[in-house]
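Hello,

I am handing over the structure we spoke about. My notes on the contact between two of its domains follow below it.

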Amino acid sequence: MNLTLHVWRQKGPQDKGKLETYPAKDVSSDMSFLEMLDEVNDKLIKEGKDPIAFDHDCREGICGMCSSVVNGRPHGHQEKTTVCQLHMRQFEDGADIVVEPWLAKAFPIQKDLIVDRSALDVIMQAGGYTSCHTGGVVDANSLLIPKPVADFSMDAAECIGCGACIAACPNSSAMLFTSAKVAQLAVLPQGKAEAKDRVLEMTKAMLDEGFGNCTNHYECQEACPKGISVKFIATLNREYLKSFT
Amino acid sequence: MILDGKAPTGPIETSWDRSRFDMKLVNPSNKRKFKILMVGTGLAGGAGAASLAELGYNVEAFCYQDSPRRAHSIGAQGGINAAKNYPSDGDSIYRLFYDTVKGGDFRSREADVWRLAQVSNNIIDQCVAQGVPFARDYAGYLDNRSFGGAQVSRTFYARGQTGQQLLLGAYSALSRQIKAKQVTMHPRTEMLDLVVVDGVAKGITVRNLMTGEIESHWGDAVVLATGGYVNVFYLSTMAMGSSVTAAWKSVKKGAYMANPCYTQIHPTCIPVHGEHQSKLTLMSESLRNDGRIWVPKKAEDCDKHPSEVAEEDRDYYLERKYPSFGNLAPRDISSRSAKEACDDGRGVGPGKRGVYLDFDDSIKRLGEDTIRERYGNLFEMYEKITDENGYERPMRIYPAPHYGMGGLWVDYQCQSNIPGLFVLGEANFSVHGANRLGASALMQGLADGYFVIPYTIAPYLASITPGTVKDDHPEFKKSIEDVEAQTNKLLSINGKKTVSELHRELGQVMFENVGMGRSEESLKLALKRIPEIRDEFWNNVNITGESRDLNQQLENAGRVADYLEFAEMLTTDALHREESCGGHFRVEHQTEDGEAMRDDENFCYSAAWEFKGAGVKPELHKEPLKFENIQLAVRSYK
């Protein structure tokens, strides 16, 4: 297949940046989206041009490093798929494809499609843990966690921290990301001791880092490659209210 | 030189407890005077950095990813072993120890494996305390599944994302220490040199991947937890950025590389489908719990739809050859059997390099919903990549490079032959021998990080004065100059080929000649081809852009340059080891029915190689292996 790409090019954080057009010729439908970009890059290098910079690493949809908005949608249009797992058979021959970086105030663009997501680490550092020291913990089976609770916790824990939820949100809210960690720990016995401080500290960090608040658009859930549900935002809100009682 | 692993003597059951008691301690108020550099923040590095910081040491941690949460430990799917014996099916620390030594084909150090088995239970407790949501039953107890090479169910799991959940646990412990300012985190930073002062590791030189700045950091000890090296095959299940660079730069400063020829080619990966492919995707070994592996008995059936091949015309070759382990035969054996079937002309799919992994019987027995619950995410992933539905027709799988059992040589304290340089996790060599069993990589990474290095680093630190060498020492300036010189050289070549084209060429040579079946002839051919590709690289590679900028081509070029040297050492190791063991299969050394034939009389040692210059034969040092608890035996899974 032959495609026309319109890719956001930006030399550095201070540069204005603009969309550049590149042809992608003889693309195999079995290629992943990033493999297609690899080929375009190899061609650019041979022409002596700077290749397109983009974040990626595991290329199996779990590390959360890849982060491109494809045709206006974070990670592209395929449901529950990271852009590294998006395959070219999802596109029509002859299509125009617009590729942009995550756009959010808290994610400054570094170069081309690469943004700085360290604000998410700051939210985690604010309280996304149980304060247990290495060693000196109880036997794993002394904490009984019924399957439905463990499953609920795991559903939340699947978040890969890619930031698509923020890129999709009109408020650039990190509520889905934050709630996933709050909810994962809040329902577990080992997470309850610090539940109150955790929800307060993490939501405060979220706002301090420049993310907006949630106004129930649910775009985050739609964009999430792991299908994290907005029900966890409700859990976060309940935990938040509970912290004042 | 004969190397001493300094393994404790006496009864194995008490070896770790006695060693811990014998180790010197660092007084709590003195710990804050020491600075430890941790390179890599996956399971081993993340857990190690967090645990050392909790003890009061100052830690500076480095990773090339934008966050420690993305280390490639995250890719591990199936699970983590522990000798909890919760199912009461006959497991014990001794059995986990025995299975791991046997699974490694008797090429690991007994005392290290014992320690791993002993602390495995602490790991599960630790992860649960962190809030890792392991699979549970309805009563709330932890669930277990089976993995290859074991006849007990000892694998704990979190759906098909166990590595992710364990890594996020370590990352959360690390995040807590970053907030407490006990760890300074340097993401998007790649180690490009080890600074050695008077024979002792005293720091590292790194490149800031966002700005291109080269800078040095001093430390009282340097700990490498930088993962494995199988991207030397180009196509592998590793992350794109996984490299041998940190380990290799240490080798060039005098560290020994042990057993690099022990590479694991994992049996259940999605087959290669095209020239443009950038990586291979693993399908968890746990699928072999419920999937049956087969190929047609007759080559002429290979192009048929699998449902048209009658039951009696199918060869369930693992069940046939290894009836007691069946589809759960260890990885090296399963991979080789798949290759044999395909070499025999009975492979399926494009290029005939594939075998079927069939869930039909399990779906009939358990229902599709149960299979979906167990492996749903893997079936989804398979469909995204291949456009085929694994519930409706058998998956196609083929072996792919997955793990390097070899790594930097370390003694029982995880210290390399360079004092002050410690190595953890996949980056070291000590516990998996010649073949790693499933669900033990996560176990080793976390064992080393949480429960080994916090103890074993203390005797070294207690023997030195903190802060005596800092980055104003001339060796640091020289290290920065060397790194800048290599960077400038790479950018000045201006040739015609891209980095990935040359990496792909190297990978083809390695997979064809130093892959699942190795012969003297193929290894010698590889030793001829590798220097040719390396020469071409240094004369004809084209890297655009500048050094003082975010430059991903330059990053890759540095990694591939190191693989082009490392590949030669790996192949030299494979050529010297005139026996077959685990993942190292020399076609000259096999039994009549095609099983690996070890030579314990001549090769019962770890081979640690000393770098003597690119293109120069490295010098071999041996660490003899003693088996005092488990009798050396032919490894049989029949």
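A salt bridge here is a side-chain nitrogen of Lys or Arg within 4 Å of a carboxyl oxygen of Asp or Glu. Arg548(B) and Glu213(B) fit that definition, because their side chains come to 3.5 Å, N to O. Please keep in mind that this is a predicted model.

The division of chain B first. Domain 1 covers 12–24 + 34–262 + 405–462, domain 2 covers 267–401, and domain 3 covers 474–604. My notes deal with domain 1 and domain 3 of chain B.

The C-alpha centres of domain 1 of chain B and domain 3 of chain B are 24 Å apart. In the contact, 46 residues come from domain 1 of chain B and 48 residues from domain 3 of chain B. Between them the two domains bury about 3,900 Å², with 59% of it on carbon and sulfur atoms.

On the polar side, seven salt bridges are counted between domain 1 of chain B and domain 3 of chain B. The count of residue pairs in polar contact between these domains is 26, both residues being at pLDDT 80 or more.

Which elements of domain 1 of chain B supply at least two residues each to the side that touches domain 3 of chain B? They are strand S6 (189–197), strand S7 (200–208), strand S8 (214–218) and helix H7 (245–252) of chain B. S6(B) gives the most, with six residues. By class, this side of domain 1 of chain B has 22 nonpolar, 14 polar and 10 charged residues.

Regards

How values were computed: Residues are numbered from 1 along each chain as its sequence is written. Chains are lettered from A and ligands numbered from 1 in the order in which they are written. This is a predicted model: local features need pLDDT of at least 70, side-chain atom pairs count only at pLDDT 80 or more; totals for chains, interfaces and linings use all residues. Side-chain values use heavy atoms; hydrogens and water are left out. Domain bounds come from an automatic or database domain assignment. Contact means heavy atoms within 4.5 Å. Buried area is the accessible area (1.4 Å probe) that two parts lose on being put together, summed over both. A polar contact is a pair of N or O atoms within 3.5 Å; within protein, one must be able to donate a hydrogen and the other to accept it, and residues adjacent in sequence count only if both atoms are side-chain atoms. Helices (H or I, at least four residues) and strands (E, at least two) are DSSP runs, numbered from the N terminus. Ala, Val, Leu, Ile, Met, Phe, Trp, Tyr, Cys and Pro count as nonpolar, Asp, Glu, Lys and Arg as charged, and the others, Gly among them, as polar.
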